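Thanks for sharing this one with me. Here are my notes, in numbered points, to read with the structure open.

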Amino acid sequence: RIVPSHIQIVRGSEYNIHPDLEDGVDSFLLQRLHDGEKITETEFIPTPIVQIPLGVMEDSLVGAVDLENSLETGTPIFSPGLLAKAHRGILYID
C-alpha cells in the first residue's frame, strides 16, 4: 500500500479523523456531533510521521490531562499523545 503525501481530515481534529468517519470517531468529535454540529470543513495535512523515542513515558505515548490549562479553565483538558498524532500516518518505533 502506498502512503499518500497528504491526508484529508476534519478541520481541527487532533486525531486525524477522516471526514467520512470511516476510521472511527474520537470522543471530542463525537461530542460535537451530538451537539448538532455538522462536519463540513475539512483540510489536507501532510501524512503524519511520528517517531517514538527509546524510554518514552506512558503519558507522552497515550496522552494525559493538561493540568496547567485544566486548572486555569476549570475544566479538564486532555492532551493527546504520540499514538493519536500518528493516527492514519506512520509510526516509527526506535
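1. Let me start with His18, which counts as buried because its relative accessibility is 14%, under the 20% cut-off. Please keep in mind throughout that this is a predicted model. His18 is found in a loop, the one that runs between strand 1 (6-10) and helix 1 (27-34).

2. What does the side chain of His18 reach? It comes to 3.0 Å from the backbone nitrogen of Asp20. If we set aside the neighbours within four places in sequence, His18 is also in contact with Gln8, Val10, Asp23 and Arg88. Gln8 and Val10 fall inside the 6-10 range of strand 1, so it is worth having that strand on screen when you look at this loop residue.

3. Stepping back to the whole protein chain, I find 4 helices and 6 strands. Read from the N terminus, their order is β-α-β-β-α-β-α-β-α-β. The C-alpha atoms fill a box of roughly 40 × 40 × 15 Å along the principal axes.

4. A few totals for the protein chain may be handy. Of its 94 residues, 24% are buried. The accessible surface is about 6,700 Å², and carbon and sulfur atoms account for 56% of that. Taking contacts between residues at least 6 apart in sequence, 59% join residues at least 24 apart.

5. Strand 3 (residues 49-52) deserves a look of its own. Which of its side chains are buried? Val50 and Ile52 are, and they point to one face; Ile49 and Gln51 point to the other face and are not buried. In a regular strand, side chains alternate between the two faces of the sheet.

6. Strand 3 pairs with strand 6 in the parallel sense, over 4 bridges. Within this pairing, Ile52 stands opposite Ile93 of strand 6. Ile52 is buried, whereas Ile93 is exposed.

7. That brings me to Ile93 itself, which lies in strand 6 (residues 90-93). Why does Ile93 count as exposed? Its relative accessible area is 61%, and the cut-off for exposed is over 50%.

8. Finally, the surface around Ile93. Together with Val62, Leu83 and Leu91, Ile93 makes a nonpolar surface patch of about 350 Å². Leu91 also falls within the 90-93 range of strand 6, so that strand is a handy place to begin when you look for the patch.

Methods:
Residues are numbered from 1 along each chain as its sequence is written. This is a predicted model: local features need pLDDT of at least 70, side-chain atom pairs count only at pLDDT 80 or more; totals for chains, interfaces and linings use all residues. Side-chain values use heavy atoms; hydrogens and water are left out. Patches are made of residues with over 30% relative accessible area and no salt bridge: like charges are joined within 9 Å, nonpolar side chains (Val, Leu, Ile, Met, Phe, Trp, Tyr) within 5 Å. Accessible areas come from the Shrake-Rupley method with a 1.4 Å probe; for residues, only the protein chains shown count as cover. A salt bridge is a side-chain nitrogen of Lys or Arg within 4 Å of a carboxyl oxygen of Asp or Glu. Helices (H or I, at least four residues) and strands (E, at least two) are DSSP runs, numbered from the N terminus. Buried means under 20% relative accessible area, exposed over 50%, partly exposed in between (1.4 Å probe, protein chains only). A polar contact is a pair of N or O atoms within 3.5 Å; within protein, one must be able to donate a hydrogen and the other to accept it, and residues adjacent in sequence count only if both atoms are side-chain atoms. Contact means heavy atoms within 4.5 Å. Two strands pair if DSSP finds at least two bridges between them.
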